[in-house]
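Here is a short report on how two chains meet. Look at the model first, then read on.

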Number of protein chains: 2
Amino acid sequence: MEIDIGNALHSVATPGVSRETLERLDERVADAHDRIGTGIDGREHGYAALALPETADAEAIRTAVDPIDCEALLIVGIGGSALGAATIADALDVDIDVYTLDNVDPEYTSQLLDSLDLSRTALHVVSRSGTTAETLANFLVAREAMESVGVDWTERTLVTTGGEGNLRALAERHDLPALDVPAGVPGRFSVLSTVALPVAALGGGDVEGLLAGAGTEAETLSGSLFETPAYAYGATTYALAERGWTVNAMMPYAESLETFAEWFAQLWAESLGKDGVGQLPARALGATDQHSQLQLYRAGPRNAMVTLVRPRERADVTIPETELEGLAYLGGSSLGGLLDAEFEATEASLAAAARPSIRIELERVDAHGLGELLYGMEAACILAGELFSVPTFEQPAVEWGKRAARGLLGGGEFEEARAVEEKTRLVID
Amino acid sequence: MEIDIGNALHSVATPGVSRETLERLDERVADAHDRIGTGIDGREHGYAALALPETADAEAIRTAVDPIDCEALLIVGIGGSALGAATIADALDVDIDVYTLDNVDPEYTSQLLDSLDLSRTALHVVSRSGTTAETLANFLVAREAMESVGVDWTERTLVTTGGEGNLRALAERHDLPALDVPAGVPGRFSVLSTVALPVAALGGGDVEGLLAGAGTEAETLSGSLFETPAYAYGATTYALAERGWTVNAMMPYAESLETFAEWFAQLWAESLGKDGVGQLPARALGATDQHSQLQLYRAGPRNAMVTLVRPRERADVTIPETELEGLAYLGGSSLGGLLDAEFEATEASLAAAARPSIRIELERVDAHGLGELLYGMEAACILAGELFSVPTFEQPAVEWGKRAARGLLGGGEFEEARAVEEKTRLVID
């Protein structure tokens, strides 16, 4: 993974980051790196995620999925329990159909279950606590759907969960293959673990390649942002956020990385969005969003930096020669050539408007490249969390709503549920 | 469509909008409504979009698609030429498979074309000018793919374009069914026209219902935001943006409206993101993003308001009774009940953190409801554009990059292309 922060410099962007700022910041990066290194070595909560290239057990994952024979996989989880697996499935083009039940929309759930051949579908149910309301509700519905068509769900269900709780007990009762959520690894940092790697193992993906790519990136971690791509990204985005660029539009130029942008959005939002600081991750896709979001990124409020991601190599498609007027220049070129030209043109157009961007390049979108990217963004996020001085691995602001919802559903007495009834209304209809 | 702006009031949000502010703003709304009415009556550029419930010719669209017999539709367009149709297809669950080629990723394009039975697939090629590089490149590739498997593309291609240009000439040469892009209707305001309605006509969707829903909303337009849901939304978001809420997270609680959020994002970003003003639309999905973005919306930088959208009615799924510990409260409830509880809990949790939100409710996600919502958001956007005093119907900031890309591809001499070569670099690898 290569990071180019040239277009974030203050010679380009207004406001931007000066070379002197980066050098001062690098002293804080050195301290943060020490903290991170201690955390990794001690397998401390959160930091343990950065040890996964070493600690994840690809063999155990293969063994767990081995008894499952399927053409489709239905991932039942939400947030970090679904986004990592979906990212891997979409980026690596696995050889099974992969679906996620990561919402509780009854119409979507019933249509999806109706459309699948459940006798050829496996379930991967993921919840650390085993009590996540959305996940367990969907599991109960999916299990009943299997039973109703005579499919033995116990033969087709894999579980990833904590050491105890509902799902663990269920796995023991029905002798389901069960994987442990690794200790100290929060959901949004769990892509390189038993939470998300089973989809690769089931779908013929290169689990070892993902971990090797992550390992390559882990080896680059050092006490200087000038020598560590992940830290260059984390420190520069931090400095830009401090200068008012409080939105980070993640814009990969590859359809296969569209879900990666969703994964990144959770990582970045939940980890850093605290105490009034952080950066709102906007999910974008190049070149499509040049025809949707670029006008705003270039001319709207001066709050959005853009992260442009592309692979250096990809299979290409030649554009046929054409008789169409004014389009001769396209003929004989390629879709990849057009996409690259648009990537560079968008980057330059943001610079010409003094708006900052950061370029991330991968060799290609394969298991190794994806492993580098995922690990690199996790390390960048953890560094940014140290610089922002926020509790990177917690998400306290979502607890209020969880209690309110539980109260509304009759799952106990919660004062938050009362606030719902007292809502201020001003209705126009 | 019903709008509830109660949680945007300053008694709830900090900063919020006072009742007095709304009343003062209402005088400007009255003036803007006069301007909009004049524009609609005169079919002026842009404003003509709000006349579509009256001017769109559903019968002509049905006639154009009538000769086409297909199981799948491939929409070849980008930005406003693709998002409207994709929104309709996803919301109304049409009875054909719908795909979009709205990017120039060679791997995606070739995989998609390889996976389709092209002898049962129709193409809908959409470009007003007939020269949009991405669209024409994809069309050339798709046409060649059809030819290479012996499929006569001229029997399966529908075109929507302007009165002259490449696509018009092509349609005439090959006698293709061709629809006119309506005069004065910019791409991002064209969903209720020949640009996006063909997918409904081909897929058994209720074209007349969409237009009738839009017409219902059109009838509500009046000189007061207190009597016009669309204006209440447009004026309140404007007032919130002026108070620092420069991000608008569009968060429907319905999987079928996920693409609607993409459509809204283009509408809002390209129309309002000018001269340093506007509002960045963040695309979200409830309840899923409660486990991804909510932490940030509630505790990150104070710049994000949230728009919560839900239907009042939907087909529901009962959650089976369960033996699982601590989950008895879910059994016998329903997925829809859970989703509604989460909607209200999220709304209340934002209010408890003094962050503004606006609630939009539809009766249901059907053709009528979708027509109301799409028309309502267009009218809201046009009103907001009047209040921001921006040229709502232009997108000048994207031209720079288009010239640069064209120059890079050898399509002429453009000084913007030279800026690409002079890029500032600071690479960390």
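Start with a helix in this predicted model. Helix α10 of chain B, residues 229-242, lies across strands from both chains. From chain A there is β11. From chain B there are β1 (2-4), β7 (247-252), β9 and β10. Helix α10 runs at about 160° to β10(B).

Another helix of chain B lies across strands as well. Helix α11, residues 258-272, crosses β7 and β8 of chain B. Its angle to β8(B) is about 170°.

**The sheet**

In what order do the six strands of the open sheet come? The order is β11(A)-β1(B)-β10(B)-β9(B)-β7(B)-β8(B), and the pairing is mixed. β11 (427-428) of chain A and β8 (280-283) of chain B stand at the edges. Each has a single partner strand, so one side of each is left without a neighbour in the sheet.

Inside chain B, β9 (residues 304-311) and β10 (residues 357-362) run parallel and are joined by six bridges. Here B:Arg310 stands opposite B:Glu361 of β10(B).

Strands also pair from chain to chain. β1 of chain A (residues 2-4) and β11 of chain B (residues 427-428) run antiparallel, with two bridges between them. A:Ile3 has B:Ile428 in β11(B) as its bridge partner.

**The interface**

How many residues does each chain bring to the contact? Chain B brings 139 residues and chain A brings 138 residues. Together the two chains bury about 11,200 Å², and 62% of that is on carbon and sulfur atoms. B:His291, B:Gln295 and B:Ile428 supply 7% of the area that chain B buries against chain A, more than any other three residues. B:Ile428 is thus named twice: in this trio and as the bridge partner of A:Ile3.

The polar side of the interface can be counted too. There are 13 salt bridges across it. One of them joins the side chains of A:Arg314 and B:Asp105, at 3.9 Å from N to O. The count of residue pairs in polar contact is 47, with both residues at pLDDT 80 or more.

On the side of chain B that touches chain A, helix α13 (residues 335-352) gives the most, with 13 residues. The table splits that side of chain B by residue class.

| Class, side of chain B touching chain A | Count |
|---|---|
| Nonpolar | 65 residues |
| Polar | 42 residues |
| Charged | 32 residues |

Technical notes
Residues are numbered from 1 along each chain as its sequence is written. Chains are lettered from A and ligands numbered from 1 in the order in which they are written. This is a predicted model: local features need pLDDT of at least 70, side-chain atom pairs count only at pLDDT 80 or more; totals for chains, interfaces and linings use all residues. Side-chain values use heavy atoms; hydrogens and water are left out. Contact means heavy atoms within 4.5 Å. Buried area is the accessible area (1.4 Å probe) that two parts lose on being put together, summed over both. A salt bridge is a side-chain nitrogen of Lys or Arg within 4 Å of a carboxyl oxygen of Asp or Glu. A polar contact is a pair of N or O atoms within 3.5 Å; within protein, one must be able to donate a hydrogen and the other to accept it, and residues adjacent in sequence count only if both atoms are side-chain atoms. Helices (H or I, at least four residues) and strands (E, at least two) are DSSP runs, numbered from the N terminus. Ala, Val, Leu, Ile, Met, Phe, Trp, Tyr, Cys and Pro count as nonpolar, Asp, Glu, Lys and Arg as charged, and the others, Gly among them, as polar. Two strands pair if DSSP finds at least two bridges between them. Axes are lines fitted to C-alpha atoms, for helices over the stretch in contact, and angles run from 0 to 180 degrees between N-to-C directions.
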